[in-house]
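This report is a first walk through one structure for a reader who has not met it before. Please keep the sequence and the 3D view at hand while reading.

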Amino acid sequence: MSVEELKTELEKVLDKALRSIKEIKNYEDLEKARVQFLGKKSQLNSLMKSLSTLDGKNKADFGKIVNQAKNSLNSSLEEKKKSLKSKANKKIDNFDVTMPSRQISIGSLHPITKIMNYSIDIFQALKFECVEGPEVEDDFHNFTALNIPESHPARAMHDTFYLEDGNLLRTHTSSVQIRAMREKEIPIRIIAPGKVYRKDSDITHTPMFHQIEGLYIDKDVSFSNLKSIINIFLKSFFEEEDLKIRFRPSYFPFTEPSAEVDIEYFNNKGEKSWLEILGCGMVHPNVLEMANINSSIYSGYAFGLGVERLAMLKLGISDLRLFYENDLRFLEQFKRVKL
Ligand code: DAH
């Protein structure tokens, strides 16, 4: 290009840039414009590079004009910045600090989550390690390894959701016992909280509910160790030293002996009554052997707590289904409940 052509081009570029800077309404666009018009890839910059193709007086001449163009772009950007700033200040001047703020509704943890976390804290203080297992489980971990073989009637009692691939939704957190026993070194002292699933739905059953499984394996573990840990947990959970706790003989295929634990409470008629809240027992030797633990050396206890039951008693709820209808009027009552 000749020097004349370069000058005309420069004029056009400058004119266009100045006009678009005038239109700018915010800082972000201002920064973009700075890069677009003065940056390395700008038209101005490539015009500057053409300087090397000119010689003598032309070079000096054009160099001067390019610099002027650069300066005027810079000052136009600077001016724009000032005017944006003063507009922003005006806006702040109009701001009424005494106006009430918009109501922001802050969410909170679901009451069941709160009860779970609260229970986990207690067990952790008792040196139980918190572990998790899969909700989609296989038959081995949910049944067979827990001493519930194929033909066992307990399978029918579980109302299992089966999946097409032969797996199932775990019917209890006891499946995590097996995983822990097969993976961990003895002594094993774990809790496994989580969701479990059964085809069941009425005032006291929902198809999904929560359990906390406990397992302790070591040498010389006895039923009195089990009783003591359950007592400590329940008294601390209900914050009641005189809580009435009843161990009732029961049957589970994976424990021997087995018990169910009830606690005394006042029902909605104000009468004293017992409510079952957990199953427990000494881990059955067959279960230990299936998890490759020598049952002549080691013993253990296990328990499975119903979290919804605990929550109903602790929070004074009489219908289990309320927890899962997700009615905000119900849920919001527990926002401020500190556990
Ligand atoms: N898995 C049992 C259930 O869902 C509860 C249970 C009973 C768990 C006894 C245990 C146990 O660990 O020892 O009904």
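N147 is found in the loop between α6 (139–142) and α7 (154–157), in a model that is predicted. Although N147 is not a glycine, its phi is positive, at about 65°, and the residue is buried, with a relative accessible area of 16%. N326 also has a positive phi, near 55°, in a residue other than glycine, and its place is the loop between α12 (322–325) and α13. Is N326 buried or exposed? At 51% relative accessibility, N326 counts as exposed.

**Domains and the helix α4**

The chain is divided into domain 1, covering 3–93, and domain 2, covering 111–334, and the C-alpha centres of domain 1 and domain 2 lie 73 Å apart. Helix α4, made of residues 56–93, has 38 residues and reaches 56 Å from its first C-alpha to its last, which is close to the 56 Å expected at 1.5 Å a residue. The buried residues of α4 are F62, G63, V66, A69, L73, S76, L77, K80 and L84. What covers these buried residues of α4 includes α1 (3–22), α2 (27–38) and α3 (43–49).

**The nonpolar cores**

In soluble globular proteins, nonpolar side chains tend to be buried together. The largest nonpolar core here has 43 residues, and those with the most contacts inside it are F123, L234, Y301, F303, L310 and F323. At least two residues of this core are supplied by each of α5 (111–125), β5 (208–218), α9 (223–237), β7 (255–266), β8 (272–283), β9 (299–306), α11 (307–315) and α13 (328–331). Which element gives the largest share of this core? That element is α5, from which seven residues come.

F323, one of the residues with the most contacts inside the largest core, can be followed further through its surroundings. Leaving aside neighbours within four places in sequence, F323 is in contact with H110, P111, I112, E308, A311, M312, L315, I317 and F330. A second, separate core of 24 residues includes A154, I178, V287 and L288.

**The helix α9**

Helix α9 has 15 residues and reaches 21 Å from its first C-alpha to its last, close to the 21 Å expected at 1.5 Å a residue. The buried residues of α9 are L226, I229, I230, F233, L234 and F237. These buried residues lie on the same side of α9, because they cover an arc of only 125° around the axis. Among them is L234, which is also one of the residues with the most contacts inside the largest core. After α9 comes E239, whose phi is positive, near 50°.

**Strand β7 and the cis peptide bonds**

A259 has its place in strand β7 and, at 3% relative accessibility, counts as buried. Leaving aside neighbours within four places in sequence, A259 is in contact with F223, F247, R248, P249, S250, F252, L278, G279 and C280. By contrast, A259 and D96 are 66 Å apart in space, C-alpha to C-alpha, with their positions 163 residues apart in sequence.

P257, too, has its place in strand β7, and the table sets out the peptide bond before P257 together with another that is cis.

| Cis peptide bond | Omega |
|---|---|
| I186 to P187 | about 0° |
| E256 to P257 | near -5° |

P187 lies in the loop between α8 (174–183) and β4 (188–197), whereas P257 is in strand β7.

**Cysteines**

How many disulfides does a search of the whole structure find? The search finds zero disulfides. For C130, the closest cysteine sulfur is that of C280, and the 20 Å between the two sulfurs is too far for a bond, given that a disulfide needs the sulfur atoms to be within 2.5 Å. C280 is likewise in no disulfide, since its nearest cysteine sulfur, that of C130, is 20 Å away. As for their surroundings, C130 counts as partly exposed, at 30% relative accessibility, whereas C280 is buried, with a relative accessible area of 2%. C280 is also among the residues in contact with A259.

Terms used. Residues numbered from 1 in each chain as written. Predicted model: local features only at pLDDT ≥ 70, side-chain atom pairs only at ≥ 80, totals over all residues. Heavy atoms only, no water. Buried < 20%, exposed > 50% of the residue type's maximum accessible area, 1.4 Å probe, protein only. Core = buried A, V, L, I, M, F, W, Y, C linked by side-chain atoms within 4.5 Å. Helix = DSSP H or I, 4+ residues; strand = E, 2+ residues; numbered from the N terminus. Contact = heavy atoms within 4.5 Å. Expected span 1.5 Å × (residues − 1). Arc of directions from axis to C-beta. Domains from an automatic or database assignment.
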